[in-house]
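Please work through the following exercises with the model at hand. Each task is followed by a solution in steps.

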Amino acid sequence: MRYDVLHDIVEREGINLIYWDFAEPVRGLYVRQPGIPPFIGISTAILDIPAEYYSVLGEEIGHHFTIPINMISTTCLNYQDRLSISALEHKALCWAAQFLIDIDDIRSALAKGYNNHKDLSTYFGLTEELVTYRMGMPDAIKLCYEQSLMYLRNN
């Protein structure tokens with residue numbers, strides 16, 4: 001699995017990684033502002049839960065690669081703001097899902113009989129949420145179809 005290189009990416013990209021006692025439901029945070037190095041904050045509540053930790057770290061690194069450089073976190077003031085934030089979250093989650101769960105790894109897992117979200121999340125060592133997201137991507141759907149698997153998104 002590719003989550004073993006996430007810390008290498010953090011180091012290579014000059015991202016400061018901090019651990020913080022965030023209030024629920026916050027599990028992670030990415031901040032990049034002019035004049036300071038970017039940083040990722042990870043909730044101390046998930047440090048002992050590897051699947052959660054690597055899934056959240058992957059998504060926060062996804063923000064690093066997908067958020068426009070001049071984007072600064074703001075409070076959502078209207079519906080358009082919420083849509084913009086949702087689009088940014090989608091891009092980061094998409095990056096994390098594709099980076100952490102390669103299509104060849106999916107092929108291998110399916111060939112070994114892992115054919116539901118729960119089993120796949122255990123196999124990949126990531127959250128069921130991230131696996132569900134990844135399995136809903138077109139290349140994964142196509143792979144399941146090609147292998148004649150009846151894979152429903154709502155397993």
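**Exercise 1. Determine in what order helices and strands follow one another from the N terminus of the chain.**

Solution. In this predicted model, the elements are read from the N terminus as α-β-β-β-α-α-α-α-α-α. The tally for the chain is 7 helices and 3 strands.

**Exercise 2. Establish what share of the 155 residues is buried, and how the contacts of the chain are spread over the sequence.**

Solution. Step one concerns burial: 37% of the 155 residues count as buried. Step two concerns the surface: the accessible area is about 9,100 Å², and carbon and sulfur atoms account for 55% of it. Step three takes the contacts between residues at least 6 apart in sequence; 61% of these join residues at least 24 apart.

**Exercise 3. Describe the largest nonpolar core and identify which element gives the most to it.**

Solution. Begin with a general expectation: in soluble globular proteins, nonpolar side chains tend to be buried together. Here the largest nonpolar core holds 35 residues, and L57, I61, L100, I106 and F124 have the most contacts inside it. Elements that each supply at least two residues of this core include α1 (6-12), β3 (39-43), α2 (50-66) and α3 (79-100). Of the contributing elements, α3 gives the most, with 7 residues. Next, consider L100 on its own: leaving aside residues up to four places away in sequence, L100 touches R2, Y3, L6, Y54, G58, L126 and L130.

**Exercise 4. Classify C94 and C144 as buried or partly exposed, and state how many disulfides are counted.**

Solution. The cut-off for burial is a relative accessible area under 20%. C94 has 21% and is therefore partly exposed. C144 has 4% relative accessibility, so C144 counts as buried. For a disulfide, two cysteine sulfur atoms must lie within 2.5 Å; the count by this rule is 0.

**Exercise 5. Find how many aromatic pairs the structure contains, and assign the geometry of the pairs that involve Y123 with Y114 and with F124.**

Solution. A search of the whole structure gives 6 aromatic pairs. Y114 and Y123 lie 4.6 Å apart, centre to centre, with 40° between the planes, and this pair is tilted. For Y123 and F124 the ring centres are 5.1 Å apart and the planes stand at 75°. Planes over 60 degrees apart count as edge-to-face, so this pair falls in that class. The burial of two of these residues can then be compared: Y114 is partly exposed at 30% relative accessible area, whereas F124 is buried at 1%. Elsewhere, ring pairs link Y19, Y53 and Y54 into a cluster.

Conventions: Residues are numbered from 1 along each chain as its sequence is written. This is a predicted model: local features need pLDDT of at least 70, side-chain atom pairs count only at pLDDT 80 or more; totals for chains, interfaces and linings use all residues. Side-chain values use heavy atoms; hydrogens and water are left out. Helices (H or I, at least four residues) and strands (E, at least two) are DSSP runs, numbered from the N terminus. Buried means under 20% relative accessible area, exposed over 50%, partly exposed in between (1.4 Å probe, protein chains only). Contact means heavy atoms within 4.5 Å. Accessible areas come from the Shrake-Rupley method with a 1.4 Å probe; for residues, only the protein chains shown count as cover. A nonpolar core is a set of buried Ala, Val, Leu, Ile, Met, Phe, Trp, Tyr and Cys residues joined through side-chain atoms within 4.5 Å. Rings of Phe, Tyr and Trp (its six-membered ring) pair if their centres lie within 6.5 Å; planes under 30 degrees apart count as stacked, over 60 as edge-to-face and the rest as tilted.
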